[in-house]
Amino acid sequence: MPETVEALIVEDSPSISRMLESWLAEEGISCHVTDSLAKAMEFVNRTPPSVALVDLGLPDGDGMDLIREISEKEIPVYPIVITGQGSLNVAVEAMKAGARDFIVKPPNKTRFVVSVRNGLETQRLLEDVTTLRETFAQDRFHGFIGSSTAMQAVYKTIEAGATSKATVFITGESGTGKELTAEALHRQGSRKNAPFVALNCGAIPRDLMESEIFGHVKGAFTGATTDREGAAARSDKGTLFLDEICEMDFELQVKLLRFIQTGTFQKVGGSNTVSVDVRFVCATNRDPWEEVQAGRFREDLYYRLHVIPLQLPPLRARGGDGLEIAKNFLQTMSKEEGKNFERFSDDVAQIILGFEWPGNVRQLQNVIRNMVVLNDGDTVTREMLPPPLDRFDPRTAPRFQHETHSSAPAVGGPAPIASPADIRPLWIMERDTIENAITICDGNIQKAARLLDISPSTIYRKRVTWEELEAQGAGQPAPASAAY
């Protein structure tokens with residue numbers, strides 16, 4: 001029977017591998033140990049573990065090759081690099097290649113366990129996300145509009161993470177809805193009746209930012225004529241959303257880290273310690289790890305905040321969602337402005353679907369507002385489009401990879417059944433269809449899963465089931481646990 005474990009240790013030092021294995025055993029985490037790159041490659045491709053702990057220097061090759069294999073094939077594994085103190089620059093390269101975390105030798109037990117636990121939690125959430133389309137689809141969710149696969153993943157992550165106190169780190173381009181996501185996390189969770197406090201770290205002068213977060217006492221600085229509560233106190237029992245977190249002053253990050261760790265703070269100019277119960281959500285339109293590498297964002301704060309990452313897709317990656325959002329804006333704004341618009345002409349609809357929307361939903365909203373305010377009628381026509389849409393031709397523009405199932409290659413349906421002798425077990429027909437799709441997609445399981453409208457983890461689970469059935473010599477139906 002294929003081995004299914006939570007963690008894979010790829011380490012050529014027996015003493016270190018035994019130590020790591022014992023630490024995982026103490027935590028109740030099942031693991032498999034190997035000192036060979038080739039065996040690790042085979043294991044990961046056959047039955048992916050949730051977490052892979054990879055030493056870079058192995059007797060038969062470079063552990064970096066395993067990291068690249070996981071990244072390029074989009075295998076659902078959370079890779080963690082194990083590296084010597086003198087090889088931190090190599091660890092950075094591994095992070096760029098797809099590693100999610102790194103641990104320095106000799107490993108610290110607490111740091112090691114936290115990294116593995118974070119990896120397991122992340123993979124659990126991703127498992128929920130990737131199987132979302134197999135259970136349900138939503139086109140409206142706490143202010144969001146859209147039923148694309150990309151947004152279904154966002155909805156599922158919000159639902160899975162809303163009830164936890166774990167910090168959610170939202171990333172995405174400007175205009176993708178980061179504050180709306182934070183509000184959805186708050187409204188979906190158990191704190192929905194408590195305050196939601198949003199603070200934009202990029203919109204407040206740096207010398208006032210500490211007071212905005214923690215408050216101040218009278219006389220703390222010039223102009224502080226009264227005591228004032230900050231966002232930390234106002235969000236007690238609720239959610240504190242720190243937007244554009246990477247804009248925060250480096251020195252203030254130290255105080256924020258202490259606040260997150262202890263749940264306590266002092267007002268500016270004050271001496272009393274205040275204790276609060278706050279759920280943190282933060283967001284940025286930058287790459288937070290690049291900010292860490294550039295020395296602009298504290299690494300310890302990054303690890304404290306980056307517990308549940310949530311990447312918002314740009315509008316251009318959301319398929320037909322853009323047109324649905326535009327229709328909603330048109331209806332709402334027409335009513336607000338006292339206009340009569342009801343629909344888009346066919347050519348305008350194609351422009352909305354084909355335009356790249358560098359400003360995302362915010363740009364789309366502004367364009368619809370412009371057309372509604374400056375024009376009237378029941379149909380939005382091309383002549384009403386503002387620049388640069390008035391010059392955009394979807395027939396000659398580069399084709400973006402919008403989500404669609406119509407472009408899926410044929411994978412070969414079942415042969416017609418002419419007699420009882422033609423009937424084969426359903427699991428065999430299913431296996432042939434899935435394996436044929438993987439072959440057509442050049443071995444890319446993630447791509448094949450998208451085209452088959454199932455999750456990659458389903459394919460891996462089914463492969464385990466097929467091996468079990470073949471070992472039994474089965475012409476038996478697959479067990480219910482393999483259903484999707």
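**Exercise 1. Determine whether Tyr 155 is buried or exposed, and describe its ring partner.**

Solution. Tyr 155 has 0% relative accessibility and therefore counts as buried; buried means under 20% relative accessible area, exposed over 50%, and partly exposed in between (1.4 Å probe, protein chains only). The model is a predicted one, in which local features need pLDDT of at least 70 and side-chain atom pairs count only at pLDDT 80 or more, while totals for chains, interfaces and linings use all residues. Residues are numbered from 1 along each chain as its sequence is written, and side-chain values use heavy atoms, with hydrogens and water left out.

Next, consider the partner: Phe 141, at 4% relative accessibility, also counts as buried. The ring centres of Phe 141 and Tyr 155 are 4.8 Å apart and the planes stand at 25°, so the pair is stacked. Rings of Phe, Tyr and Trp (its six-membered ring) pair if their centres lie within 6.5 Å; planes under 30 degrees apart count as stacked, over 60 as edge-to-face and the rest as tilted. The pair links distant parts of the chain, with Phe 141 in strand 8 and Tyr 155 in helix 6 (residues 149-162), 14 residues apart. Helices (H or I, at least four residues) and strands (E, at least two) are DSSP runs, numbered from the N terminus.

**Exercise 2. State how many aromatic pairs the structure holds, and analyse the one between Trp 23 and Phe 112.**

Solution. The structure holds 13 aromatic pairs. Trp 23 and Phe 112 form a tilted pair, with 5.6 Å centre to centre and 55° between the planes. Trp 23 belongs to helix 1 (residues 14-26) and Phe 112 to helix 5, so the pair ties together parts that are 89 residues apart in sequence. Both sites are then classified: Trp 23 is buried at 11% relative accessibility, and Phe 112 is buried with a relative accessible area of 0%.

A further grouping is the aromatic cluster formed by Phe 214, Phe 259, Phe 265 and Phe 280.

**Exercise 3. Give the strand order of the open five-stranded sheet and identify which strands stand at its edges.**

Solution. The order is 11-12-15-10-16, with parallel pairing. Strand 11 (196-200) and strand 16 (308-311) are the edge strands; each has a single partner strand, so one side of each is left without a neighbour in the sheet. From one strand to the next the twist averages 20°.

At one edge, strand 11 pairs with strand 12 (residues 239-243) in the parallel sense over five bridges; two strands pair if DSSP finds at least two bridges between them. Leu 199 stands opposite Leu 242 in strand 12.

**Exercise 4. Locate the residues His 142 and Glu 244, and compare their backbone phi and accessibility.**

Solution. His 142 occupies the loop between strand 8 (140-141) and strand 9 (144-145). Its phi is near 45°, a positive value in a residue other than glycine. With 25% relative accessibility, His 142 counts as partly exposed.

Glu 244 is found in the loop between strand 12 and helix 10 (250-262). Its phi is positive, about 50°, although Glu 244 is not a glycine. Glu 244 is buried, with a relative accessible area of 14%.

**Exercise 5. Describe the peptide bonds from Lys 105 to Pro 106 and from Pro 387 to Pro 388.**

Solution. The bond from Lys 105 to Pro 106 is cis, with omega near -10°. Pro 106 is placed in the loop between strand 7 (101-104) and helix 5 (109-130). The bond from Pro 387 to Pro 388 is cis, with omega near 0°. Pro 388 lies in the loop between strand 18 (379-380) and helix 16 (426-440).

Conventions: Axes are lines fitted to C-alpha atoms, for helices over the stretch in contact, and angles run from 0 to 180 degrees between N-to-C directions.
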